[in-house]
Amino acid sequence: MSDTLRIVRPSLTTRLTGWGRTAPVVGDVVEVTAADASAVVVDAPGRGVIARGLGRSYGDAAQNAGGQVLRLCDATGGMVLDAQAGTVTVGAGIDIDRLLRVIVPAGFFVPVTPGTRFVTIGGAIASDIHGKNHHVDGSFGRHVRRMSLLLADGSVVEISPDSDAELFWATVGGMGLTGVILDATIALLPIETSRLAVETRRVADLDTLLTLMSEGDHLYRYSVAWIDLMATGASLGRSVLTWGDHARLDQLDDRTAADPLAFGARQLVAVPPLVPTPGVVNRLTAGVFNEFWYWSTPRHRVDEIQTIPAYFHPLDAVGSWNRLYGRRGFVQYQFMVPFGAEGTLRTVVERIATSGASTSLNVLKRFGAANPAPLSFPRAGWTLTLDLPASWRPMADLMHELDRLVLGAGGRHYLSKDAVTTPDSIRRGYPRLPEWQAVQRRVDPNGRWQSDLGRRLELVDPPRSEQT
Amino acid sequence: MQNALGEIQTIAVFGGTSEIGLAIARRLITPSTRTVVLACRDVDAGARAAADLGRDAGTDPVMEAVTIEVVAFDAADTDSHLQVVAEIADTVGDLDVVVLAFGVLGDQAEFDADPAAAVGAVHVNYTGAVSVGLVVADVLRRQGHGRLVVLSSVAGERVRKANFVYGSSKAGLDGFAQGLGDSLEGSGASVLVVRPGFVHSRMTEGLAAAPFATDPDSVAEVVARGLRQGRRTVWAPGVLRYVFMVLRHLPGAVYRRLPLG
Ligand SMILES: Cc1cc2nc3c(=O)[nH]c(=O)nc-3n(C[C@H](O)[C@H](O)[C@H](O)COP(=O)(O)OP(=O)(O)OC[C@H]3O[C@@H](n4cnc5c(N)ncnc54)[C@H](O)[C@@H]3O)c2cc1C
Ligand SMILES: NC(=O)c1ccc[n+]([C@@H]2O[C@H](COP(=O)([O-])OP(=O)(O)OC[C@H]3O[C@@H](n4cnc5c(N)ncnc54)[C@H](OP(=O)(O)O)[C@@H]3O)[C@@H](O)[C@H]2O)c1
């Protein structure tokens, strides 16, 4: 490495997991500025490099056992808001939380936000994240105007939907395996207020829910349903559906209207590092939680005004909530099935509900159309997300059984959440994988970009030995 | 790579025709498993074992085809170990679980009469395991993940006169494996030391069963649980931990008079 290299944090042998805290491995974590990333990549050891954002992907996407893990120090890269154009140019290591603190008071919102503000722009693009507005606005990649990408040979290229579109779309949803995104320009959504006008409904069962969403979603920018996957029989799929839109100024009361773009997200509490080994999420606590959530929701409430954190990121109020699942961690299983496969969706919900699983953070969402990215997860259909404690023994059989149902219906799994599926189910779920791999090999002939996810799911080739 | 549920993609068994080793492989095969390597002295016997294993795995209709590879490996030929392991790693990629299952029990009376035979057995049980164990550990350390499962024995926990050559080789192996595990701390790789009691297998065929005798499948179950729970040592059956807690502390005069064969 050159003498002038400024490594913010030197190479550290660190135990890494994703947000689910499963399958730990050890790799070298290097924190660098965007300007110095190139030198680190060129000198990478034989087992390659992968970029890591805030580690909010649940499985093994942002780790590289025995190799290098590169974190972009978020102090660099900056943030330039072009209010005229409605865009922001931002360092890829910067997270949505920091971005919102700047753009919301200026009257803008991110085009897509996940259920947590603590994801980086690099992670948002690499996962092509989706939000509650997918049926209207599509996923994150659609709003990326351009980005700069550090390639395996150390060079940096500018890519956009018009310039090397093939590499651009392979990087959107490409899980960091085409290179390190250094910065990007994102088109923002203008907002009048920092509040949401929310409509909430308690829904008695799955069929009613699917009908309501199919008929009503298009009237709202945001739509998502929390679903009780422990309820069975006539209550199968009972849920709480929320629809929302950015509130207009005239919808706010006088006190709120006095500072309509206020944004002050705070973390209220944090889960301590030591939670009893089996965790505190079990059939009893999850069941009680589900009952409470369902029955504490009014049958139907309209025009409730909520803040951005309360509406989009309720879990962020509790720091490190992933520790609640104990030492063995948890798995988030997210899949989609196309419209027309409602029967399969119903079977899956039935299987989970009768499996004895303790699960409470489950959401159902309707996706709009796909974008051109070969590995982008969303496409028109239904997506269901559920959390399960990894220590729950029957899970392996259940997961493999659900995989079969999902794939049989033409569905697929979300790579950023995946921690259990197989190379074969990714090949089947993503028929355009070979197309993506061709682009990936073009920009990385020696296999410098390596992650545990890439290895486990055989997305990329092993490193070429001349590198070792 | 191991997945979040501890399902394993690649397994290598050194002593690939061992009944206990094969039972462990069979137990660890899931729909996520890609490759099993049987490294054995007798490759023809290995091929037969592979066919059986493939048939067992193949009875599950959803299981992706598991590739079973048979490679030649002689624990006594320590000079070859580096290359054998490198070739395995080259063909299958990362090794998730490696099992050291080779071993010879021998006959104490024969060893008494023929020290060279005793040396041969110790060479396989101890020296061979040290050699291949170190080579594998180096691979796992570089990988930043992976588990080495070492078949020790209660015979090494407190060596007894009936099989003290075998017992002492296992005592050495056990100490080696524990130390190796400690040295891997923080590397992402780890060692699971397995201490079975009397196991009904080819090794013990014709011998009178000891108390708490068990079978290869039960040992495999204990190993699978130990791996899942991230344990460093397991006993099979588990009760032997307590039995040996007592036996280890018996005064020599009492121990020598026990009817342990
Ligand atoms: C509570 C919670 C709620 C969530 N809700 C949603 C949701 O609603 N919708 C959704 O789509 N996702 C959701 N996610 C998942 C999350 O949005 C994605 O996993 C996201 O990628 C995490 O960003 P990160 O910065 O933590 O990236 P990491 O988890 O650190 O990395 C994720 C991937 O991005 C790559 N990457 C990171 N930085 C770069 C870079 N600079 N250049 C190239 N590649 C890079 C990594 O290599 C890895 O493959 C949620 C996660 C949590 C914990
Ligand atoms: N059975 C028990 O009661 C018991 C109890 C505690 C511990 N153990 C240990 O568990 C392990 C497995 O034993 P097992 O019960 O499964 O017996 P097994 O079926 O006899 O297996 C022993 C294996 O070791 C192999 N082997 C012997 N010498 C070798 C060499 N030089 N190179 C390569 N392989 C060699 C044998 O191969 P060949 O067939 O080619 O000889 C055989 O496959 C052994 O380490 C044993 O000491 C067994």
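**Entry 1. A pair within one helix**

I began with helix α5 (residues 115-143) of chain B, where B:D138 and B:R142 both lie, 4 residues apart, about one turn of the helix. I note at the outset that the model is a predicted one. The side chains of B:D138 and B:R142 meet in a salt bridge, at 3.1 Å from N to O. I then looked up the accessibility of each partner. B:D138 counts as partly exposed at 31% relative accessibility, while B:R142 counts as exposed at 56%.

**Entry 2. A network across chains**

I next asked which residues are joined by salt bridges that share partners. I found A:R47, A:D452, A:R455 and B:D94 in one network. For the whole structure, over all chains, I recorded 37 salt bridges.

**Entry 3. Two salt bridges in chain A**

I looked up A:D137 and found a salt bridge with A:R221, with 2.8 Å between the closest N and O atoms. A:D137 belongs to helix α4 (residues 134-137) of chain A, and A:R221 to the loop between α6 (206-216) and β13 (222-227), so the pair ties together parts that are 84 residues apart in sequence. I asked whether A:D137 is buried or exposed. A:D137 is buried, because its relative accessible area of 9% falls under the limit of 20%. A:R221, at 23% relative accessibility, counts as partly exposed.

I then turned to A:D418, which forms a salt bridge with A:R456; here the closest N and O atoms are 2.9 Å apart. A:D418 sits in the loop between β21 (412-413) and α12 (423-429) of chain A, and A:R456 in helix α14 (residues 452-456), so this pair ties together parts that are 38 residues apart in sequence. I recorded both partners as buried: A:D418 has a relative accessible area of 5%, and A:R456 has one of 1%.

**Entry 4. The surroundings of ligand 1**

I asked how many residues surround ligand 1. I found 34, the closest being A:A51, A:G53, A:S57, A:T120 and A:S127. I noted three polar approaches to the ligand. A backbone N or O atom of A:G53 lies 2.7 Å from an oxygen atom of ligand 1. A polar backbone atom of A:I181 is 2.8 Å from a nitrogen atom of ligand 1. From A:Y414, a polar side-chain atom lies 2.7 Å from an oxygen atom of ligand 1. Of the 950 Å² of accessible area that ligand 1 has on its own, the protein covers 95%. The elements of chain A that give two or more residues to this shell are β3 (49-52), α3 (121-126) and β10 (180-187). By class, I listed 18 nonpolar, 13 polar and 3 charged residues in the shell.

I then asked where ligand 1 lies with respect to domain 1 and domain 2 of chain A. Domain 1 (79-191) and domain 2 (195-428) both give residues to the shell, so ligand 1 lies between them.

**Entry 5. The surroundings of ligand 2**

I counted 28 residues around ligand 2, of which B:T17, B:R41, B:Y166, B:V199 and B:S201 come nearest. An N or O atom in the side chain of B:R41 is 2.5 Å from an oxygen atom of ligand 2. Polar side-chain atoms of two other residues lie by an oxygen atom of the ligand: B:Y166 at 2.6 Å and B:K170 at 2.9 Å. Ligand 2 taken alone exposes 880 Å², and the protein buries 92% of that. I identified α1 (19-28) and α6 (164-183) of chain B as the elements giving two or more residues to the shell. The shell divides into 14 nonpolar, 9 polar and 5 charged residues.

How values were computed:
Residues numbered from 1 in each chain as written. Chains lettered and ligands numbered in written order. Predicted model: local features only at pLDDT ≥ 70, side-chain atom pairs only at ≥ 80, totals over all residues. Heavy atoms only, no water. Near = heavy atom within 4 Å. Polar contact = N/O pair within 3.5 Å; in protein donor to acceptor, adjacent residues only side chain to side chain. Areas by Shrake-Rupley, 256 points an atom, 1.4 Å probe, with all protein chains shown as cover. Nonpolar A, V, L, I, M, F, W, Y, C, P; charged D, E, K, R; others polar. Domains from an automatic or database assignment. Salt bridge = Lys/Arg side-chain N within 4 Å of Asp/Glu carboxyl O. Buried < 20%, exposed > 50% of the residue type's maximum accessible area, 1.4 Å probe, protein only.
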